[in-house]
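Welcome! Please open your viewer and get ready to look around this structure one stop at a time.

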Amino acid sequence: MALALSEQTIREIEMLAEIHAIDGSALAEKALRKFVHEEKKQIPYQEVEAFRAMHQFLWATRPNQFAAIHNGKFIDHDVDQLTLYRRVAAKFPNQPILIRQILPQADKDRIIL
C-alpha cells in the first residue's frame, strides 16, 4: 500500500528531519507508529461504551454470561470465558475484542481484553 502525503506535510517532515538529524522516512514512520498506537488505545474505551449502552438488554437476556463486543457490536456470548475467548479469537485474529461478564451493574463488570 502506498500513502500519498501533501506537499506541505512532506516539507514539514523534511524540516523536522533536518532539525533532528534523522532520515525523513524514519521520522514519518515514527510519527505514524505513534499515531496508530494512540488510536488503538482508544478502541477499548469505545467498546466499553458500546457494552454499557447494551448492558440492560444483555443483563435481561444473558445474565452472568460473558459477552464479546467488537466494533461496537455484540458478536457472541458464552457461560465459559475461555470458550468464548477461543471462539472470537479464531473469528477475529489479531483484532481487539472486549470480553466482559454480564453482571447486574455494567460498571462492576471486569474487562477482559
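The tour starts with the whole chain and ends at a single residue.

Before you select anything, keep in mind that this is a predicted model.

**Stop 1: the whole chain.** Show the chain as a cartoon and colour it by secondary structure. You should find three helices and four strands. Now follow the chain along its sequence: the pattern reads α-α-β-β-α-β-β.

**Stop 2: the overall outline.** Switch to the C-alpha trace and rotate the view. Along its principal axes, this trace spans about 60 × 25 × 20 Å. The radius of gyration of the chain is 20 Å, whereas a compact globule of 113 residues would have one near 13 Å. Next, think about contacts between residues at least 6 apart in sequence: 42% of these join residues at least 24 apart.

**Stop 3: the surface.** Turn on the surface display. About 8300 Å² of the chain is exposed, and carbon and sulfur atoms supply 56% of that area. How much of the chain is buried? Of its 113 residues, 27% are buried.

**Stop 4: the charges.** Select the charged side chains and give each sign its own colour. There are 15 positive and 15 negative ones. The centres of the two sets lie 9 Å apart.

**Stop 5: Ser 6.** Finally, zoom in on Ser 6, in the segment before helix H1, which covers 7-20. Is Ser 6 buried, partly exposed or exposed? Its relative accessible area is 40%, so Ser 6 counts as partly exposed. Now show the side chain of Thr 9 too: a polar contact of 2.9 Å joins it to the side chain of Ser 6.

Methods. Residues are numbered from 1 along each chain as its sequence is written. This is a predicted model: local features need pLDDT of at least 70, side-chain atom pairs count only at pLDDT 80 or more; totals for chains, interfaces and linings use all residues. Side-chain values use heavy atoms; hydrogens and water are left out. Helices (H or I, at least four residues) and strands (E, at least two) are DSSP runs, numbered from the N terminus. Buried means under 20% relative accessible area, exposed over 50%, partly exposed in between (1.4 Å probe, protein chains only). A polar contact is a pair of N or O atoms within 3.5 Å; within protein, one must be able to donate a hydrogen and the other to accept it, and residues adjacent in sequence count only if both atoms are side-chain atoms. The radius of gyration is taken over C-alpha atoms; the globule rule is 2.2 Å times the number of residues to the power 0.38. Contact means heavy atoms within 4.5 Å. Accessible areas come from the Shrake-Rupley method with a 1.4 Å probe; for residues, only the protein chains shown count as cover. Lys and Arg count as positive and Asp and Glu as negative; His and the chain ends are not counted. The place of a charge is taken as NZ of Lys, CZ of Arg, CG of Asp or CD of Glu.
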